[in-house]
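Trainee: I should like to work through this protein with you, one part at a time. May I put my questions in order?

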Amino acid sequence: MTRTDAHGTTAAEGSPVTSPAGERGPARVEGSGRLVGRPIDRVDGVPKTTGAARYSAEHPYPRLAHAVLVHATITRGHLTAIDTAEASAVPGVLTVITHHNAPALKPPPPVSVMNLSTMASGTSVAYLNTDEVHWNGQPVAVVVAETLHAAQHAARLVRVAYRESPAAVDFAAEEPNATPQKNDMVSEGSAKKGDAEAALAAAPVSVDLRYTTPAHAHNAIEPHATTAVWDGDRLTVHDGAQNVAWMRDHLALRFGVPAAGVRVVAPYVGGAFGGKTVVWAGTILTVMAARVTGRPVRMTLTREGVYRTVGGRTPSAQRVALGARPDGRLTALVHTGVTQIGRVGGGPEQVTSQSRHLYDAGNILLQQSQVALDTVSNTYMRAPGESIGTFALEAAIDELACELGMDPIELRMRNEPERNPIDGKRFSHRMLREAYAIGARRFGWAERTPEPGSMRDGRWLVGMGVASAYHPAWQFAANLTVRLSADGTVLVRCGFHEMGMGGATAQAQIAADALGVPFEAVRVEYGDSDLPTGPGAGGSGQTASVAASLGTACARLRGTMLALARRSKDSPLRGSRRAEVRARDGGLWTSTAGTVAGETYTAILARAGRPHVEVAVGSDTRVGTAVGQARFMAKFLLDRRRWTKAACGAQFCEVRVDPDTGEVRVSRWVGAFDVGTVINAKTAAAQLRGGIVMGIGMALSEETLADPRTGRIMNPGLGGYHVPVHADIPPIDVCYLDEPDPTMPLGLIGVGEVGITGVAAAVANAVHHATGRRVRDLPITPDKLL
């Protein structure tokens, strides 16, 4: 478990801006309001930068063994023979586990959105309990040895023979076979308003365009790693998980042991971005190896191993068609998309999500379709759906603006809706106009000349582009406890996750403000399935989810402390009403007619003879949360029927393009966002910048290249898969409105994923403005500009 430490503060890296009324949105917390919004240093900063933090592959255990995977080299078929004799003879090898000697596991459960923990399985494959191969790279054996070197050497000596079967792996070839996605309670596959195709045909001005995006691979700085230890039927797993509760329940089910006996520990996660949300083969097979050998076992996937066994972002082919009147008002919006899933797992990518909400078109048609291939299952990746969906929609809006001869921002503002365009629901909070106004001013949009190719800086062609950012707001169940001790310290315990976004710091700020204690007095324990079950880190919803329960717990704690005080005739709070009392200065205080009265928590607890007071909030603080999850999801989905909730923003990009080589350099960036209340100015700015960096990679360099004959990934590593480096990224100016959403906990919406949305479109639009060339197929590489 991880505990917070005291830290100082630094100047804000992101900046709030004033609203049109000239006032900053207040943080909606009871207490002093001293901490929410401040740029407090992350509480895990020191252990991470000094090396004191232990990640999943760094926990020492006596007699620790090492495991290495053997991957299938065919696309689909069956194993006909597997020879492990030579591998087993390598000194130090303990065992080679194959489908011949692997212990039987329970099959993965069917997925249910009302029991979210069943969504934990990366694939439906019964690893090493079958001779069937489902994709090129599927694990077919595990070598366990005394040393990592011995295991790696022996894995290369395992000989496997196969009988191959026909397979489908080429997304472009299989695209015509896609089937429409059905609507469910979580992901809507289609939507319709009016007759968009007829309106498109009748529109005075229209565009009808096709955009494609490639597959993307996860490249977190910490590759997937697992350390597993059995003690009888009790299991401890160190894993860089984004959802320790899901992993705990999944492992308990697969290995047939009680969930209460499984502990998943993940206090430090070296980046995840969706790739560590569900349970992949490496985790399952490490736990199996520990079971077979009776020893602690560690497996750290190579970068290639991550590509072969962990899903990434699906490729997509999207059609966006827009019809408009000469004044720019949209009469038709058509957005359809085809994405890929694995035949043995994966899920829909909501590429039309933002197109339901961003523009007030009179007629709208949206449809998502899928094609199942014999590849590793796709999975969540930062802003699933909206990251690639905004590329197509926002590039198309820019193309329509060119057809109309209209400024791209003006076109967007003319179609800014008052209510949700599809169903007329109210927006809980939407300040996209304000974000555009602030971003345009900070970026200097007025200096842009509209004609493509009209701006130069010496030999460089200069272009400016803009796009809207959008990501829905989510909230999940969160169980936690808050303990206030007689020494004035506060302990918050919740099994949420810290992957680098500063979650523990933010929750400490919230608790300190709500209870009126110093930041240094609050400790937060997280990242452990033995703690009260928290939400997974996904959907940009963790902070809001935990904050909701934390606010409730702190309010109850204040009430309990006031009740204790009022029992004593010696307390200055005796006779005080709850509405009159405020938490500050380490206690409860009232102010009546200019007279201040109150006392510290330490004094209240000492008089009551209590060492501490603890409050628990949530449906279930340990295991068996399926009922609680179902109830919460029902409540959340009911709330979604009333409101449309989302973070949004405006992305401004300047590029320089070499006309001779086609080289594109992003030279300036401004992002202006409406993300509700900002809890920590420093970590919020870092999250927004991080999303923009990932979006620049998506725009200019990133793509997973698969052999269209075999589905084998041809660039499984950073030598061939190009992520942005420091030289690729300019200074990024981010700002936010800091205006609360009145329907969300503390008014916060979420900042983790909105930053990547709209980025690729802004780059593409800037490149078109610089060169006159429109690239509709990501990434935008030099060959596409020459």
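**A buried loop residue, and what surrounds it**

Mentor: Let us begin with Asn420 in this predicted model. Its relative accessibility is 4%, so Asn420 counts as buried.

Trainee: In which loop is Asn420 found, and which residues does Asn420 touch?

Mentor: The loop in question runs between helix H10 (408–414) and strand S18 (426–427). Leaving out residues up to four places away in sequence, the residues that Asn420 touches are Arg356, His357, Lys425, Phe427 and Thr644.

Trainee: How confident is the prediction, and what is the average pLDDT of the protein?

Mentor: Two stretches have a pLDDT below 50: residues 1–13 and residues 18–32. Beyond near neighbours in sequence, residues 1–13 still have 43 contacts in the model, and residues 18–32 have 30. For the protein, 93% of the residues score at least 70, and the average pLDDT is 93.

Trainee: Let us turn to the sheets. In what order do the strands of the four-stranded open sheet lie?

Mentor: The pairing in this sheet is mixed. Its edge strands are S23 (522–525) and S27 (612–617), each of which pairs on one side only. Neighbouring strands are turned against each other by 15 degrees on average, direction ignored. The order is S23-S22-S21-S27.

Trainee: Which residue is the bridge partner of Val490 in S23?

Mentor: Strand S22 covers residues 490–493, and S22 and S23 pair in the parallel sense over four bridges. The partner of Val490 in S23 is Val522.

Trainee: Which residue of S22 is the bridge partner of Val482?

Mentor: S21 and S22 run antiparallel and are joined by four bridges. Their hairpin has four residues between the strands, and Gly488 in this hairpin takes a positive phi near 90 degrees. The partner of Val482 in S22 is Val492.

Trainee: Which residues of S22 point one way, and which the other way?

Mentor: In a regular strand the side chains alternate between the two faces of the sheet. In S22, all of the four residues named here are buried. Val490 and Val492 point one way, and the other way point Leu491 and Arg493.

Trainee: Which helix packs on this sheet, and what angle does its direction make with that of S23?

Mentor: The helix is H12 (residues 503–515), which touches S21 (480–485), S22 and S23. Its direction and that of S23 make an angle of about 135 degrees.

Trainee: Which strands stand at the edges of the three-stranded sheet?

Mentor: The strands of this open sheet lie in the order S24-S25-S26, and their pairing is antiparallel. The twist averages 35 degrees from one strand to the next. Each edge strand has a single partner strand, so one side of each is left without a neighbour in the sheet; these strands are S24 (582–584) and S26 (595–600).

Trainee: Which residue of S25 is the bridge partner of Arg582?

Mentor: S24 and S25 (residues 587–592) run antiparallel, joined by three bridges. The partner of Arg582 in S25 is Trp589.

Trainee: Why do the buried residues of H3 line one face of the helix?

Mentor: In H3 (residues 148–155), the buried residues are Ala150, Ala151, Ala154 and Ala155. They pack against strand S2 (65–71), helix H2 (85–88), strand S4 (93–97) and strand S6 (139–145). They line one face because, seen down the axis of H3, they fall within an arc of 130 degrees.

Trainee: Which residues touch the most other members of the largest nonpolar core?

Mentor: This core has 138 residues, and its largest share, eleven residues, comes from helix H13 (residues 542–566). Apart from it lies another core, of 52 residues, including Ala67 and Met499. In the largest core, the residues that touch the most other members are Phe652 and Trp669.

Trainee: Is Pro535 buried or exposed, and what distance separates its C-alpha atom from that of Phe496?

Mentor: Pro535 lies in the loop between S23 and H13. At 3% relative accessibility it is below the 20% limit, so Pro535 counts as buried. Its contacts beyond four places in sequence include Phe476, Cys494, Phe496 and Val546. Pro535 and Phe496 are 39 residues apart along the chain, and their C-alpha atoms are separated by 5.7 Å.

Notes:
Residues numbered from 1 in each chain as written. Predicted model: local features only at pLDDT ≥ 70, side-chain atom pairs only at ≥ 80, totals over all residues. Heavy atoms only, no water. Pairing = 2+ DSSP bridges. Helix = DSSP H or I, 4+ residues; strand = E, 2+ residues; numbered from the N terminus. Axes fitted to C-alpha atoms, helices over the stretch in contact; angles between N-to-C directions. Contact = heavy atoms within 4.5 Å. pLDDT = per-residue confidence, 0-100. Buried < 20%, exposed > 50% of the residue type's maximum accessible area, 1.4 Å probe, protein only. Arc of directions from axis to C-beta. Core = buried A, V, L, I, M, F, W, Y, C linked by side-chain atoms within 4.5 Å.
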